[in-house]
Amino acid sequence: MKIYMNGKLVPERAAKVSVFDHGLLYGDGVFEGIRSYDGRVFMLDEHVDRLFRSAKAIDLKIPLTPQGVARAVVMTCKANKTLNGYIRLVVTRGVGTLGLNPYTCSKPQIVIIAGNIQLYPRKLYDDGLSIVTVGTLRNHTESINPQIKSLNYLNNVMAKIEAINAGCMEAVMLNQQGFVAEATGDNIFVVRGKRLITPPPWCGTLEGITRNVVMKLAVEDGCDVSEQVLTRYDLYTADEVFLTGTAAEVIPVVNIDRRSIGAGVPGLVTRRLAAAFRRFAGSTGTPIV
Ligand code: PXG
């Protein structure tokens with residue numbers, strides 16, 4: 001595999017970062033996870049935009065233009081023939097001294113890995129996922145704002161540990177007001193009749209790119225879509241619940257905290273949206289040429 005590092009494609013074994021990189025020492029950096037489908041990079045401009053917003057929010061200057069980053073992603077996919085794959089785009093603060101001060105870091109490091117993705121088993125898309133709400137709360141918006149896809153994912157890692165220890169593959173995280181925020185790597189939606197509801201970003205929700213695509217597809221399909229505050233009550237009493245994310249796409253949830261959701265099987269609205277999403281993902285994107 002060839003890895004993009006600061007303008008060059010290097011062999012995997014040569015793709016190394018320093019132990020003095022503040023990305024390692026402090027989780028000081030930002031990232032994106034992107035998919036390619038059928039030789040096209042899905043929602044590339046949206047991911048690059050969000051990367052630049054994340055970087056801006058932590059006062060990290062990416063030493064490329066957004067167009068330059070997009071070109072680098074396509075070039076890395078091309079070099080690795082990543083036609084149906086997963087692209088990890090990482091920008092770290094770079095090498096600095098021991099000590100928090102980011103101004104000791106002279107040069108941000110840009111890394112792009114074009115590889116494969118670990119997907120949920122197919123069976124879970126047919127049968128639905130069981131998830132749990134966990135005690136680890138989503139970061140406060142004035143702490144590390146969940147809009148920032150930073151290299152510090154400990155909040156989500158700890159929630160994931162709780163879910164796995166409870167026998168589930170995914171966790172629902174609440175915010176400090178007890179409102180539903182999101183899953184550890186996915187957004188959450190509730191369906192009531194033809195109404196689709198997802199929490200607004202101020203609840204501690206990353207504005208997921210899959211989330212936004214699904215909201216648009218749902219409107220086109222005649223659903224009423226809104227951002228609203230949700231509580232566990234709304235999850236337990238929903239007709240359907242599903243998660244969205246770059247890795248998961250659209251995955252039905254049939255059980256939360258060992259309670260059956262709706263009829264306990266993937267619902268019609270979720271299945272229609274999952275199919276619409278797959279059609280859309282297969283029909284758009286930046287060509288890898
Ligand atoms: N919430 C959080 C906290 C995320 O990290 C999403 C929602 C969904 O956003 P997108 O834009 O993907 O629809 C994410 C995305 C991984 C991985 O390797 C994680 C994400 C995406 C891709 C891969 O764990 N998180």
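The area buried between domain 1 and domain 2 is about 1,600 Å², buried area being the accessible area (1.4 Å probe) that two parts lose on being put together, summed over both. Carbon and sulfur atoms give 67% of that area. In domain 1, F31, F42 and R50 lose the most area to domain 2. Together they account for 37% of what that side buries.

This is a predicted model: local features need pLDDT of at least 70, side-chain atom pairs count only at pLDDT 80 or more, and totals for chains, interfaces and linings use all residues. Residues are numbered from 1 along each chain as its sequence is written, and side-chain values use heavy atoms, with hydrogens and water left out.

**The two domains**

The domain assignment gives domain 1 (2–115) and domain 2 (122–281); such bounds come from an automatic or database assignment. Their C-alpha centres lie 26 Å apart. In contact (heavy atoms within 4.5 Å) are 23 residues of domain 1 and 18 residues of domain 2.

Eight residue pairs, both at pLDDT 80 or more, make polar contacts between the domains. A polar contact is a pair of N or O atoms within 3.5 Å; within protein, one must be able to donate a hydrogen and the other to accept it, and residues adjacent in sequence count only if both atoms are side-chain atoms. The rule finds one salt bridge across the interface, where a salt bridge is a side-chain nitrogen of Lys or Arg within 4 Å of a carboxyl oxygen of Asp or Glu. The side chains of R35 and E249 meet in a salt bridge at 3.3 Å, N to O.

**Strands**

Strands (E, at least two residues) are DSSP runs, numbered from the N terminus. Two strands pair if DSSP finds at least two bridges between them. Seven strands form an open, antiparallel sheet in the order β2-β1-β6-β5-β3-β4-β16. β2 (8–11) and β16 (286–287) stand at the edges with a single partner strand each, so one side of each is left without a neighbour in the sheet.

Two antiparallel pairings are set out here.

| Pair | Bridges | One bridge partner pair |
|---|---|---|
| β3 and β4 (residues 40–41) | two | S36 and V41 |
| β8 (residues 170–174) and β9 (residues 180–183) | three | M173 and E182 |

The hairpin of β8 and β9 has five residues between the strands. There, G178 takes a positive phi near 85°.

Conventions:
Helix = DSSP H or I, 4+ residues; strand = E, 2+ residues; numbered from the N terminus.
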